[in-house]
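Could you walk me through a few local features of this protein, mainly how its strands pair up? A short, informal tour would be great.

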Amino acid sequence: MAAEIQPQPQARKPCLLSKIEAFQDVVSTAVIIPKEDGVISVSEDRTIRVWLKRDSGQYWPSVHHTMSSPSSCMSFNPETRRLSVGMDTGSICVSPTSTHQGRVTVVLFVLEMEWLLSTSQDKNFTWHCSESGQQLGTYRTAAWVSGLQFDVETRHAFVGDQSGQVTILKLEQDNCSLVTTFKGHTGNVTALCWDPVQRVLFSGSSDHSIIMWDIGGRKGTAIELQGHNDRIQGLCYASHTRQLISCSSDGGIVIWNMDVTRQETPEWLDSDSCQKCEQPFFWNFKQMWDSKKIGLRQHHCRKCGQAVCGKCSSKRSTIPLMGFEFEVRVCDSCHESITDEDRAPTATFHDSKHSIVYMHYEPTTGNLLTSGTDKVIKVCMGTNSVFMRLG
């Protein structure tokens, strides 16, 4: 839920503005309509609904439209009030013909280019002219795509897929070229978020982790953020306060302070014996025979990356600047070097109290929306002006 990143004595806890419960099935996607106290939702029950806030403070359905098949995703542009809806059948409701052969996973409308970008379980990424509906180009991905972002200035598309990789494509009017591919997740990519100011890409995964890729710095920096216990379901970035908002399927919401100097996690080193006490690991038969000692299980210190045995890494510690907000294994010497200041958290943790399917942050109001498997939409914000914008 929306909350403060830098707590102050006078600060109060965030509040739930409203709950919306009137669905026959799970809400696939929902977005806040800025300046109108409204919400648009699409559901697996084939409905598109517009909810407007009444004087009572509750949201009531004002528009109800039934589609020919379940809606899987959507993109709403508040400037043009254009709504693009992806369907289970592979079609997009603003296009005259079907564009995909499988369920549409992401739809993204780019006003500046008048392009409609879409991805599907058919492993195709396509872009169309939003006015004519003409397909301009397509790119075949390694696996079906579950995350999509676009940078207007450079015309770069960021595509995250089920294999766990993120592909960067340079789009032209009728063709595209492969720029590079990032591989860092052990699970499939489930969410992407792009900050065009800092030129940083965030990717979330089913492996419970978030990776911050430094695109603009061109240094190949990749910072890991470990603060969830379940699959990442959504990522949003509040650029005015430099805060990353992430949510997971267990209902956890984490607000990360990105206005700190973070450190890359070290690569894990290879060794046949503990790099602290030199005891052999269980596969090092020669040293076990020579020393007449039983081999030990190998571990790694999360701070220095050295290969160590359990005895030499019996301590645990948080390392927030490395992204470890939970306690992780560290070797004894690193544990002694970590100060209380080093352990100061760089994130706050909140419980949405429902299993999140989708999250949307509206920066002009500071409202945060979550939809869950409980068929409920929640709209939350802070309880005073200090927290109107999550900071």
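Below is a quick look at two sheets, a hairpin and one glutamate.

Keep in mind throughout that this is a predicted model.

**Two four-stranded sheets**

Let's start with the sheet that runs in the order β8-β9-β10-β11, an open arrangement of four strands with antiparallel pairing. Its edges are β8 (104–110) and β11 (135–140); each has a single partner strand, so one side of each is left without a neighbour in the sheet. From one strand to the next, the twist averages 15°. If you want to zoom in on one pair, try β8 and β9 (residues 115–120), which are antiparallel and joined over six bridges. There, valine 104 sits opposite serine 120 of β9.

Moving along, β12-β13-β14-β15 is the strand order of another open sheet, again with four strands and antiparallel pairing. Here β12 (145–151) and β15 (176–183) are the edge strands, pairing on one side only. Neighbouring strands in this sheet are turned by 20° against each other on average, direction ignored. Within it, β14 (residues 165–171) pairs with β15 in the antiparallel sense through seven bridges, and isoleucine 168 faces threonine 180 in β15.

**A hairpin further along**

Which residue in the hairpin of β25 and β26 takes a positive phi? That's glycine 323, with a phi near 95°, in a hairpin that has four residues between its strands. The strands themselves, β25 (residues 315–319) and β26 (residues 324–330), are antiparallel and share four bridges. One arginine meets another here: the bridge partner of arginine 316 is arginine 329 in β26.

Here are the three strand pairs side by side:

| Strand pair | Sense | Bridges |
|---|---|---|
| β8 and β9 | antiparallel | six bridges |
| β14 and β15 | antiparallel | seven bridges |
| β25 and β26 | antiparallel | four bridges |

As general background, strands of a sheet pair through backbone hydrogen bonds, either parallel or antiparallel.

**A glutamate worth a click**

Last stop: glutamate 362, which belongs to strand β28 (residues 356–362). Is glutamate 362 buried or exposed? With a relative accessible area of 7%, glutamate 362 counts as buried, because the cut-off for buried is under 20%. A polar atom of its side chain lies 3.1 Å from the backbone nitrogen of threonine 365. Leaving out residues up to four places away in sequence, glutamate 362 touches Ile32, Pro34 and Asn367.

Note on methods
Residues are numbered from 1 along each chain as its sequence is written. This is a predicted model: local features need pLDDT of at least 70, side-chain atom pairs count only at pLDDT 80 or more; totals for chains, interfaces and linings use all residues. Side-chain values use heavy atoms; hydrogens and water are left out. Two strands pair if DSSP finds at least two bridges between them. Axes are lines fitted to C-alpha atoms, for helices over the stretch in contact, and angles run from 0 to 180 degrees between N-to-C directions. Buried means under 20% relative accessible area, exposed over 50%, partly exposed in between (1.4 Å probe, protein chains only). A polar contact is a pair of N or O atoms within 3.5 Å; within protein, one must be able to donate a hydrogen and the other to accept it, and residues adjacent in sequence count only if both atoms are side-chain atoms. Contact means heavy atoms within 4.5 Å.
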